[in-house]
Amino acid sequence: MRRGPSWFNVTSITLGFAFLYIPIIILVIYSFNESKLVTVWAGFSTKWYVSMLSNQSLLDAAWVTVRIALLTATLATILGTLAALTLVRYGRFHGRTLFSGMVYAPLVMPDVITGLSLLLLFVAIGFDRGFWTVVIAHVTFTMCFVTVVVQSRLVTFDMSLEEAALDLGATPAKTFFAVTLPLILPGVVAGWMLAFTLSLDDLVIASFTTGPGATTLPMKIYSQVRLGVTPEINAVCTVLIAIVTTGVLIASIVTKRREVERQRAERLAIQG
Amino acid sequence: MAAKAIGPVRRSFAPWNDPNAKPFIEFRNVTKTFGDFTAVDDLSLGIYEREFFALLGPSGCGKTTLMRMVAGFEEPTRGHVLLDGQDLVGIPPYRRPTNMMFQSYALFPHMSVWENIAFGLKQDGMPKADIVARVDEMLTLVKLEQFAKRKPHQLSGGQRQRVALARSLAKKPKVLLLDEPLGALDKKLREETQFELTDLQMRLGMTFLIVTHDQEEAMTVADRIAVMDRGKIIQIATPAEIYEQPNSRYVADFIGDINLLEGRLSSVGAGGAKLECVGTGATVDVAQDVSARVGDQAWFAIRPEKVTISLTPPADPNVNAVSGEVWDIGYLGDVSIYHVRLATGATVKSTITNTTRLVERPITWEDKVWLSWTRDGGVVLTR
């Protein structure tokens, strides 16, 4: 008996997708609006993309944001991976519960509190706010996401693989880079991408911890919206969406292709 | 062919009987505790060069811990582990001249068979040409030449096992450690591989230390077996001695099938002893020097295949004999196991080899039968 999706499934999927994507679709459509008014359609045009490219302050903000996100993702991945290794590997060391609690706290901490406390810290120690304070703040709140992703990968990791490497003469450092890291790499890469995205679209923490000359794109957009939304903002957002979508697509295609290859290889092996 | 070549060597190989021989691996009063749990308890043991030594025991008896102390994954809480005269304590695993074959094989999933075998050689900084030659040699040894480029998940269980073996042998370790190496294979393949392992060990002239809970495996491959229980060694002997002359009820019961009957010693002396056996309700006469006193509690242990079953009383008056009734028969194809209930209520097992293709059994259920065994058929155990 063939069973198609019921009307209930169809409706719920349609509603769900509509809820998630209609605002984005409208945003993309209006980025091609001829009119200066965001809400009134006046014909197709790409002039806002041209004007976006000549808006130096907007481009500067985008560049700052990307640099912050790249640095944040890299630092958070290193620290988050180390934290995950510690939590999974070193069993019941003194203060483990406290450590894991502290690692995961930013996961549930409201952004406003993280931002405010970091601001107070930077003021207290007299640290000049700017590019680096935003990076530090972003590493603080994205690291725990990396830890969660890497930890889940490490839990299923067969410890005897590391023992085998040590047994064959690899030093602990060599073992980590030749055996452990390649095997947890999917988790590490996923963690990096997560940290990158989180940093890219953070507004609250960046507003608290930034200083002169380090305005990120979300901050820029937010401040412009307060002065009135122009379709230029829509154009910027459309470009951002395009970049993110491309990244996600590439990642999923690569994963899919690997999976198919692996399954084919396993079939071959079973056939002898 | 190979069997002929190794026969004489195996027959005459007994360094443990040579008072001048020095142990190659030595455990000196080794204790290992994990919290409150004592895994290894003040244990001393010597293993000789070129020996195939088996640590046998149930799970949790400390055999794996003992092996992991040789590999360097565990350090003894007290005592010393020596290899070739050198104290291993404090030396990390990657500087020890031992290699281990893991129970899970622990093949690196992201490397090909070739890279897996080359991994250890690369760590030593061996020249590339030498690595290629050595890996090819290893692939030939385990007959996996065509599989060099495959990844571990593209191999069958038996092939993976051979890759793991080749990888652990590639560096020519002083000692090869085998942790339940054949546990994941099916019975037929396991039996084949056991003989391959012994053959390989003889040809390479290396010292092998195997950990297993499978007594058949230990008996097939090993020169000597140490039977362990709760962190202590109960008996160290050759497979035949372990089987025929167990030193305790624990060893007798752990290895193979055995009838254990309780009793009290009524006479001890040179070349013979008598036991008033409660189980059989008769006196058991054994040709054995028993180092215990008259009146001590003891157990008579006899293997089922050494108990003869017959419908008439045995003609020879010198053998031990009791009568009973056939209670149950287990037909295993090659042998049949008879459970005979005695007048005392005890059950004695007797195994008969099925040498003919008789479907009708000459002795069947509820038959009145006689069980008999010679004076040297069984042993008296005092612990």
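Biologist: What makes the four strands E2-E1-E4-E5 of chain B an open sheet with antiparallel pairing?

Modeller: Strands are DSSP runs (E, at least two residues), numbered from the N terminus, and two of them pair if DSSP finds at least two bridges between them. Seven bridges join E1(B), residues 25-34, to E2(B), and these two run antiparallel. One example is B:Glu26, whose bridge partner in E2(B) is B:Gly46. At the edges stand E2 (37-47) and E5 (86-87) of chain B, each with a single partner strand, so one side of each has no neighbour in the sheet.

Biologist: And where does this model come from?

Modeller: It's predicted: local features need pLDDT of at least 70 and side-chain atom pairs pLDDT 80 or more, while totals for chains, interfaces and linings use all residues. Residues are numbered from 1 along each chain as its sequence is written, with chains lettered from A and ligands numbered from 1 in the order in which they are written.

Biologist: Why are H6(A) and H8(A) called roughly antiparallel?

Modeller: Helices are DSSP runs too (H or I, at least four residues). H6 (131-155) and H8 (172-200) of chain A pack at about 155°, with axes 8 Å apart. Angles run from 0 to 180 degrees between N-to-C directions, with axes fitted to C-alpha atoms over the stretch in contact. Over 145 degrees counts as roughly antiparallel, so that's what H6(A) and H8(A) are.

Biologist: How do you know that chain B touches chain A?

Modeller: Contact requires C-beta atoms, placed from the backbone, to lie within 7 Å. By that rule, 22 residues of chain B are in contact with 18 of chain A.

Note on methods:
Two residues are in contact if their C-beta atoms, placed from the backbone, lie within 7 Å. Angles under 35 degrees count as roughly parallel, over 145 as roughly antiparallel, 65 to 115 as roughly perpendicular and the rest as oblique.
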